[in-house]
Structure formats: structure tokens, C-alpha cells
Amino acid sequence: MSHIAAIDLVISDLPLVEAVITDLGGVVVDQSTYTWYGRNVGDSRDAVFEALEIEGVTRGVCAKAFRPAGWKPGDYEGGIVRLPDGTYRLVWDSWSTGRNLDAAFGKGGGRIKDHMGAALSIREAARQGLRARKTIEADGTVAVDVFVEG
Amino acid sequence: MKRIRLTFKDGQAQIQAIGFQGPACLAATKGFERALGTVTSDVKTAEYRQAEHAVDADRLSER
């Protein structure tokens with residue numbers, strides 16, 4: 001191999017993220033709030049919310065909310081938060097029933113981002129007229145191989 | 001066949017260009033990098049440098 005690049009995935013395609021969450025067994029709901037415990041709960045603190053001075057259950061910030069399979073009223077939800085630069089961030093409270101979100105979607109939404117990245121890669125390959133193949137490895141790594149002629 | 005391998009694990013993405021000669025790999029991965037987000041590190045491997053040296057040697061022999 002001739003070079004290796006590491007990339008910070010940016011979420012900018014809301015419909016794509018919704019589709020990935022649904023594929024992972026979640027349910028996306030049209031609401032601008034999401035249920036969690038409060039502002040300063042353990043590892044759920046988030047610089048974005050600190051900066052936006054969000055208190056308690058957020059209102060008017062989420063583009064959408066989402067729930068894992070088996071969600072019941074009162075359980076914590078995830079939020080897809082629109083940032084000032086037009087991109088999105090996935091957030092939830094990882095305590096209590098928020099652990100169900102970790103299990104379904106990976107810590108910090110890692111599984112959502114992984115499958116979103118794969119979908120974006122396949123889309124880019126198609127745009128360039130290249131053949132792509134998606135596989136999931138034993139350790140959960142999502143891989144896309146793009147084949148370049150010549 | 002040349003191949004671009006993109007891997008995603010725990011929200012972290014990595015792109016590898018395989019079988020490319022020198023700077024051509026940078027051009028091959030650019031569209032994917034742009035589609036995915038922000039490049040945080042980019043490491044050229046020995047294969048990249050060998051190809052680059054070969055190009056330099058060709059240029060010198062032409063003189």
C-alpha cells in the first residue's frame with residue numbers, strides 16, 4: 001500500500017443517517033427533544049451542549065431523535081443535533097437506559113458512523129464509476145473495497 | 001488490480017491505497033476523503049517513496 005489516511009467522519013447527510021439508524025434496528029422520530037437525565041450526568045457531558053447552554057431535556061435543538069429496538073416510554077433517546085456549521089452530531093446519555101443506545105448503536109454512535117461512512121464510500125465509488133464491495137469483519141470493522149482498473 | 005480499502009471501526013475511518021505508484025494514490029483517494037470528512041493524518045508508506053524515487057531516477061536518466 002502506498003499511503004494511509006485517517007479521517008474524522010463528518011455527519012452532513014441527515015436522510016442517510018436516518019436510514020442507517022433504521023437499518024440498525026432503531027426508530028427515528030420527528031421531535032426536537034430527546035429524553036435523558038440532565039445536563040451533568042456522568043459521561044454524557046458534551047462540549048456542544050455546554051456551549052449551547054442546553055439545560056435538562058433539550059428543546060428546539062434536535063433535527064430528529066431516535067430510539068433503539070425495545071424502547072419504552074421514559075427510556076432515554078438519542079438526538080441528532082444540528083450544529084451551527086450545518087453538520088450534525090449524535091448525542092445521548094449513556095447512563096441508565098442510555099446503555100441500550102450504546103449497545104444498539106455503539107459508544108458515541110460509532111456503529112452509525114461506521115455504516116454511514118461505508119454508504120458514503122459506496123456512493124462515491126458509484127459516482128466515479130468504480131466497483132465497490134462492503135464486508136463486515138469478525139471484529140465488527142466495516143470495510144469497503146473499491147476496485148480501480150488499470 | 002489497484003484497490004482503495006476504506007475501514008470503519010468505532011466511528012473512526014481509515015483509507016488505504018493499495019497497488020498505486022507514488023502520488024497517483026493521493027489523487028485516487030481524494031474524492032473519498034472529501035466525501036467522508038476531515039483528514040487528520042496521512043502517512044506515506046515505503047511503496048509510495050520507492051515509486052517516487054523511481055520517478056526521480058527516470059527523470060535524471062533522461063538528462
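Is B:Arg5 buried or exposed? I will start there and then work outwards. Keep in mind that this is a predicted model.

B:Arg5 has a relative accessible area of 16%. The cut-off for buried is under 20%, so B:Arg5 counts as buried. The residue sits in strand E1 of chain B, residues 2-9. Leaving aside residues up to four places away in sequence, B:Arg5 touches A:Glu137, A:Ala143, A:Val144 and A:Asp145 from chain A. From chain B, the list is B:Gln14, B:Ile15, B:Gln16 and B:Ile18. One of these contacts is polar: the side chain of B:Arg5 meets the side chain of A:Glu137 at 2.3 Å.

Now the interface as a whole. Chain A contributes 33 residues to the contact and chain B contributes 39. Between them the two chains bury about 3400 Å², and 53% of that is on carbon and sulfur atoms. On the polar side, there are 21 residue pairs in polar contact across the interface, counting pairs with both residues at pLDDT 80 or more. The elements of chain A that give two or more residues to the side touching chain B are strand E1 (3-9), helix H4 (110-127) and strand E7 (142-148). H4(A) supplies the largest share, 9 residues. Sorted by class, that side of chain A has 16 nonpolar, 9 polar and 8 charged residues.

How many salt bridges cross between chain A and chain B? The rule finds 3. One of the salt bridges joins the side chains of A:Asp145 and B:Arg3, with 2.7 Å from N to O.

There is also strand pairing between the chains. E1(A) runs antiparallel to strand E3 of chain B, residues 37-44, and 7 bridges link them. As one example, A:Leu9 has B:Gly37 as its bridge partner in E3(B).

Last, a strand within chain A. Strand E3 of chain A covers residues 62-67, and 6 of its 6 residues are buried. Which strands pair with E3(A)? Strand E2 of chain A, residues 27-29, is antiparallel to E3(A) and joined to it by 3 bridges. In that pairing, A:Val29 is matched with A:Ala65. Strand E4 of chain A, residues 78-82, also pairs with E3(A) in the antiparallel sense, over 4 bridges. There, the bridge partner of A:Phe66 is A:Gly78.

To come back to the opening residue: B:Arg5 is buried, and its side chain has a polar contact with that of A:Glu137.

Technical notes. Residues numbered from 1 in each chain as written. Chains lettered and ligands numbered in written order. Predicted model: local features only at pLDDT ≥ 70, side-chain atom pairs only at ≥ 80, totals over all residues. Heavy atoms only, no water. Buried < 20%, exposed > 50% of the residue type's maximum accessible area, 1.4 Å probe, protein only. Pairing = 2+ DSSP bridges. Contact = heavy atoms within 4.5 Å. Buried area = accessible area lost by both parts, 1.4 Å probe. Salt bridge = Lys/Arg side-chain N within 4 Å of Asp/Glu carboxyl O. Polar contact = N/O pair within 3.5 Å; in protein donor to acceptor, adjacent residues only side chain to side chain. Nonpolar A, V, L, I, M, F, W, Y, C, P; charged D, E, K, R; others polar.
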